[in-house]
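Please open the model in a viewer and keep the selection panel at hand. The tour below proceeds from one selection to the next and states what is found at each stop.

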Amino acid sequence: MLSAAASLDRVADHPAVRPAVGFEEYRTGPGLPVKAGQVAARFILHGPDHPSVLRTAEQILRGLEQDLGIGLLIGEKD
């Protein structure tokens, strides 16, 4: 279940994030249940090279896990 205080502000304000697709698109949001493997939200990162994008993604995801209250995976090939 997503935290009652779940927020995507961390990605909305990040300079490397291009579009951030929020909870509404995936019918998720604060306090709502999510299943393993379910998309809760999606965002696209831009960077100078692939390794730097992956590092940024890892940093953002670790923070988002705290913000959302769930474990997350990088959808690198999506």
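Begin by selecting Gly63, which counts as buried in this predicted model because its relative accessibility is 8%. Gly63 belongs to helix α3. Add Val11 to the selection: Val11 and Gly63 are 52 residues apart in sequence, and their C-alpha atoms are 9.6 Å apart in space.

**Helix α3**

Extend the selection to the helix in which Gly63 is found, α3. Helix α3 has 19 residues, and the distance from its first C-alpha to its last is 26 Å, close to the 27 Å expected at 1.5 Å a residue. At the start of the helix, select Asp49 and Ser52: a side-chain oxygen of Asp49 comes to within 2.8 Å of the backbone nitrogen of Ser52. At the other end, Gly69 follows α3 and has a positive phi, near 80 degrees.

Which residues of α3 are buried? They are Ser52, Val53, Thr56, Ala57, Ile60, Leu61, Gly63, Leu64 and Leu68. An α-helix has 3.6 residues a turn, so residues three or four places apart point the same way. Display α1 (9–12), β1 (17–21), α2 and β2 next, for these are the elements against which the buried residues of α3 pack.

Within α3, select Thr56. Is Thr56 buried or exposed? Its relative accessible area is 18%, and Thr56 is therefore buried, the limit being under 20%. Beyond its neighbours within four places in sequence, Thr56 is in contact with His14, Ala16 and Leu45.

**The nonpolar core**

Leu45 leads on to the largest nonpolar core, which has 16 residues; Leu45, Leu64 and Leu68 are the members that touch the most others. Helix α3 (residues 50–68) supplies the largest share of this core, with six residues. In soluble globular proteins, nonpolar side chains tend to be buried together.

Now centre the view on Leu68. With neighbours within four places in sequence left aside, Leu68 is in contact with Met1, Leu2, Ser3, Ala6, Ser7, Leu8 and Phe23.

**The loop between α2 and β2**

Move to the loop between α2 (23–26) and β2 (42–45), and select Thr28 there. Thr28 is buried, because its relative accessible area is 7%, under the 20% limit. A polar atom of the Thr28 side chain lies 2.6 Å from the backbone oxygen of Ala40. Not counting residues up to four places away in sequence, Thr28 touches Leu2, Phe23, Val34, Gln38, Val39 and Ala40.

Select Arg27, which is found in the loop between α2 and β2. Arg27 is exposed, with a relative accessible area of 73%. Most residues other than glycine have a negative phi, and most peptide bonds are trans. The phi of Arg27, a residue other than glycine, is positive, near 55 degrees. A distance label between the C-alpha atoms of Arg27 and Val39 gives 9.4 Å, although the two residues are 12 residues apart along the chain.

Continue to Pro33, which also lies in the loop between α2 and β2. Pro33 counts as exposed because its relative accessibility is 56%, and the limit is over 50%. Outside its neighbours within four places in sequence, Pro33 is in contact with Met1 and Gln38. To relate this stop to the core, select Leu68 again: Pro33 and Leu68 are 35 residues apart in sequence, and their C-alpha atoms are 11 Å apart in space.

**The whole chain**

Finally, clear the selection and display the complete trace. How many helices and strands does the secondary structure comprise? There are three helices and two strands, and from the N terminus the elements run in the order α-β-α-β-α. Along its principal axes the C-alpha trace spans about 35 × 25 × 20 Å. The radius of gyration is 12 Å, which agrees with the value near 12 Å for a compact globule of 78 residues.

Colour the chain by accessibility: buried residues make up 29% of the 78 residues. In a surface view, the protein exposes about 5200 Å², of which carbon and sulfur atoms supply 55%. In a contact map, consider the contacts with a separation of 6 or more: residues 24 or more positions apart account for 54% of them.

Methods:
Residues are numbered from 1 along each chain as its sequence is written. This is a predicted model: local features need pLDDT of at least 70, side-chain atom pairs count only at pLDDT 80 or more; totals for chains, interfaces and linings use all residues. Side-chain values use heavy atoms; hydrogens and water are left out. A nonpolar core is a set of buried Ala, Val, Leu, Ile, Met, Phe, Trp, Tyr and Cys residues joined through side-chain atoms within 4.5 Å. Buried means under 20% relative accessible area, exposed over 50%, partly exposed in between (1.4 Å probe, protein chains only). Helices (H or I, at least four residues) and strands (E, at least two) are DSSP runs, numbered from the N terminus. Contact means heavy atoms within 4.5 Å. A polar contact is a pair of N or O atoms within 3.5 Å; within protein, one must be able to donate a hydrogen and the other to accept it, and residues adjacent in sequence count only if both atoms are side-chain atoms. The expected span of a helix is 1.5 Å times one less than its number of residues. The radius of gyration is taken over C-alpha atoms; the globule rule is 2.2 Å times the number of residues to the power 0.38. Accessible areas come from the Shrake-Rupley method with a 1.4 Å probe; for residues, only the protein chains shown count as cover.
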